[in-house]
Amino acid sequence: MNKAVFLDRDGVINKKGRTYYVFDEADFVLNDGVHEALSYFQSNGFLLIVITNQGGIAKGIYSEEQLEKVHNTMKMDLLKSGIKITDIFYCPHHPDVSPCLCRKPGVLLFQQAIEKYDIDPASSFMIGDSEIDILAAKKMEIKGILMPTNGNMMKVVESGII
Ligand SMILES: [Mg+2]
Ligand SMILES: [Zn+2]
C-alpha cells in the first residue's frame with residue numbers, strides 16, 4: 001500500500017485572501033515553503049494528493065476549464081522543482097446550489113483517492129488550514145495537521161510530525 005500527504009489547496013498551497021475564489025493564474029501565488037516541503041514529503045515516499053472544495057464552479061463564478069488551467073500551471077511550476085503532484089480531486093458543488101457528498105468535510109474525494117492509489121490512511125496525513133479539512137481526515141482515520149492560512153509549510157516539516 002502507498003502512503004500520501006493529502007493537501008488542501010487554498011491557504012495551504014496557494015495564497016488565499018486577495019480574492020475569495022482563486023481561478024485566475026494572476027491570483028495564483030504559492031505560499032512560502034511549498035516547494036521545499038513537498039520535495040521533502042515526496043523524497044520520503046509520500047504521494048501528494050490535493051483535495052479541494054471549489055464551490056465557485058457551482059455558483060457559476062468560474063468553469064472547470066478555468067480551474068484545470070490553473071491546476072496545470074501549478075503542476076508545471078512544481079514539476080520544475082521535480083515535484084510530481086499525484087492527483088488533484090476537487091468538489092465543484094456548493095451546498096446552496098447542489099448538495100453533495102464530496103465537499104469537505106464530506107469524505108467521498110478521500111475515498112476515491114484511497115481506492116485509486118491504494119493508500120493506507122493510517123500511514124497518511126492531511127495538511128489543511130481549516131477545521132473542515134481536519135474533520136474530513138479524522139473521519140477517514142488520516143492524521144490531520146492544521147496549519148495557519150498562508151503559513152509556511154516548512155513549519156510542518158520542522159515540527160517532525162511527518
Ligand atoms: Mg483552505
Ligand atoms: Zn461535491
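This dialogue examines the metal site, the main nonpolar core and the main pocket of a predicted model.

Tutor: Local features here need pLDDT of at least 70, side-chain atom pairs count only at pLDDT 80 or more, and totals for chains, interfaces and linings use all residues. Residues are numbered from 1 along each chain as its sequence is written, and side-chain values use heavy atoms, with hydrogens and water left out.

Student: What makes Asp 8, Asp 10 and Asp 129 donors of the magnesium ion (ligand 1)?

Tutor: Donors are N, O and S atoms within 2.8 Å of the metal (3.2 Å for Na, K and Ca), and water is not among the atoms, so sites may look incomplete. Asp 8 (OD), Asp 10 (O) and Asp 129 (OD) lie 2.0 to 2.2 Å from the ion, so they meet the definition.

Student: How are the donor residues spaced in sequence?

Tutor: Their spacing is D-x1-D-x118-D. Asp 8 and Asp 129 are 121 residues apart, and both are buried, that is, under 20% relative accessible area with a 1.4 Å probe and protein chains only.

Student: Why is a set of 28 residues called a nonpolar core?

Tutor: The term denotes buried Ala, Val, Leu, Ile, Met, Phe, Trp, Tyr and Cys residues joined through side-chain atoms within 4.5 Å. Leu 38, Phe 41, Ile 127, Met 153 and Ile 162 touch the most other members.

Student: Which residues lie nearest the centre of the largest pocket?

Tutor: They are Asp 10, Lys 16, Tyr 20, Asn 53 and Arg 103, among 16 lining residues. The lining divides into 3 nonpolar, 6 polar and 7 charged residues.

Notes. Chains lettered and ligands numbered in written order. 1 Å grid on protein atoms, 1.4 Å probe; cavity = no way out; pocket = protein on both sides within 12 Å on 5 of 7 lines; lining within 4 Å. Nonpolar A, V, L, I, M, F, W, Y, C, P; charged D, E, K, R; others polar. Buried < 20%, exposed > 50% of the residue type's maximum accessible area, 1.4 Å probe, protein only. Helix = DSSP H or I, 4+ residues; strand = E, 2+ residues; numbered from the N terminus.
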